[in-house]
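Q: Got a minute to go through this one with me? I'd like to talk about pockets, salt bridges and a few single residues.

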Amino acid sequence: MKLYQLHSKQRLPISLEEAWDFLSSPANLKRITPEHMGFHILSGADRPMFPGQIIQYKVSPFPGYATKWVTEITHVKEGEYFVDEQRFGPYALWHHKHFLKSVDQGVEMEDIIDYKIPFGILGQLAHPILVKKQLKQIFAYREKKLIELFGKVEGSRNFLELKSI
């Protein structure tokens, strides 16, 4: 079983409270997801985030392929972190940790996603060509969109790494 990890950090010139309010609202995920993904929330995003919350999405990760994606918010520590885990969807495993912390000039967001591709060796072969490329594009879009919405901490460098673990 081959596992992969995406690790991302970005600093924004906003308060921890403002970052938490935006990022912990499932409805805002559509705002920071590329249009070509056909991302639509079907249910579960009508109240503030809580452990046990089930959110259903429709997503089209690749042209001509649409799927339902069901995640559960498994852990929440207000103002610090939350975790979402896929219950049904395009990955064999998806465990996404979102961390926030106050830093000089704003807040640092950190995402750590541990994931596994389905379809055994075929999935592993598709990873560098399709999946890794798509995840990099999604997080590059997200970084750009968050800068458009909130600005950028001067002199900060954003970080994105995808690796096998």
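What follows is a chat about this structure.

Q: Before we start, what kind of model is this, and how are residues numbered?
A: It's a predicted model, where local features need pLDDT of at least 70 and side-chain atom pairs count only at pLDDT 80 or more, while totals for chains, interfaces and linings use all residues. Residues are numbered from 1 along each chain as its sequence is written, and side-chain values use heavy atoms, with hydrogens and water left out.

Q: OK, pockets. What volume does the largest pocket have?
A: About 860 Å³. A pocket here is an open set of points on a 1 Å grid over the protein atoms alone, where a 1.4 Å probe fits, with protein on both sides within 12 Å along at least five of seven lines. Points are joined across faces, edges and corners, and the volume is the space filled by probe spheres set on them.

Q: Which residues are closest to its centre?
A: W69, Y91, W94, L135 and I138, out of 47 that line the largest pocket. Lining residues have an atom within 4 Å of a point.

Q: And which element gives the largest share of that lining?
A: α2, with 11 residues. Among the others that each supply at least two are α1 (16-23), β3 (54-62) and β6 (93-103). Helices (H or I, at least four residues) and strands (E, at least two) are DSSP runs, numbered from the N terminus.

Q: Switching to charges. How many salt bridges are there in the whole structure?
A: Seven, taking a salt bridge as a side-chain nitrogen of Lys or Arg within 4 Å of a carboxyl oxygen of Asp or Glu. One of them pairs R87 with E72, closest N and O atoms 2.8 Å apart. R87 sits in strand β5 and E72 in strand β4, so that pair ties together parts 15 residues apart in sequence.

Q: What about K97, which partner does it have?
A: D114, at 3.0 Å between the closest N and O atoms. K97 is in strand β6 and D114 in strand β7, so this bridge links parts 17 residues apart in sequence.

Q: Is K97 buried or exposed?
A: Buried, at 17% relative accessibility, and D114 counts as buried too, at 14%. Buried means under 20% relative accessible area, exposed over 50%, and partly exposed in between (1.4 Å probe, protein chains only).

Q: Which residues are joined into a network by shared partners?
A: R11, K101 and E108, through their salt bridges.

Q: Now K116. How far away is the nearest side chain of opposite charge?
A: That's D114, 14 Å away, and K116 is buried yet has no salt bridge. For charge, Lys and Arg count as positive and Asp and Glu as negative; His and the chain ends are not counted. K116 lies in strand β7 (residues 106-116).

Q: Which residues does K116 contact, beyond four places in sequence?
A: M1, K2, L3, Y91, A92 and L93, where contact means heavy atoms within 4.5 Å.

Q: Last one, T71. Where is it?
A: In strand β4, and T71 is buried with a relative accessible area of 3%. The T71 side chain makes a polar contact with the side chain of Y57, at 3.3 Å. A polar contact is a pair of N or O atoms within 3.5 Å; within protein, one must be able to donate a hydrogen and the other to accept it, and residues adjacent in sequence count only if both atoms are side-chain atoms.
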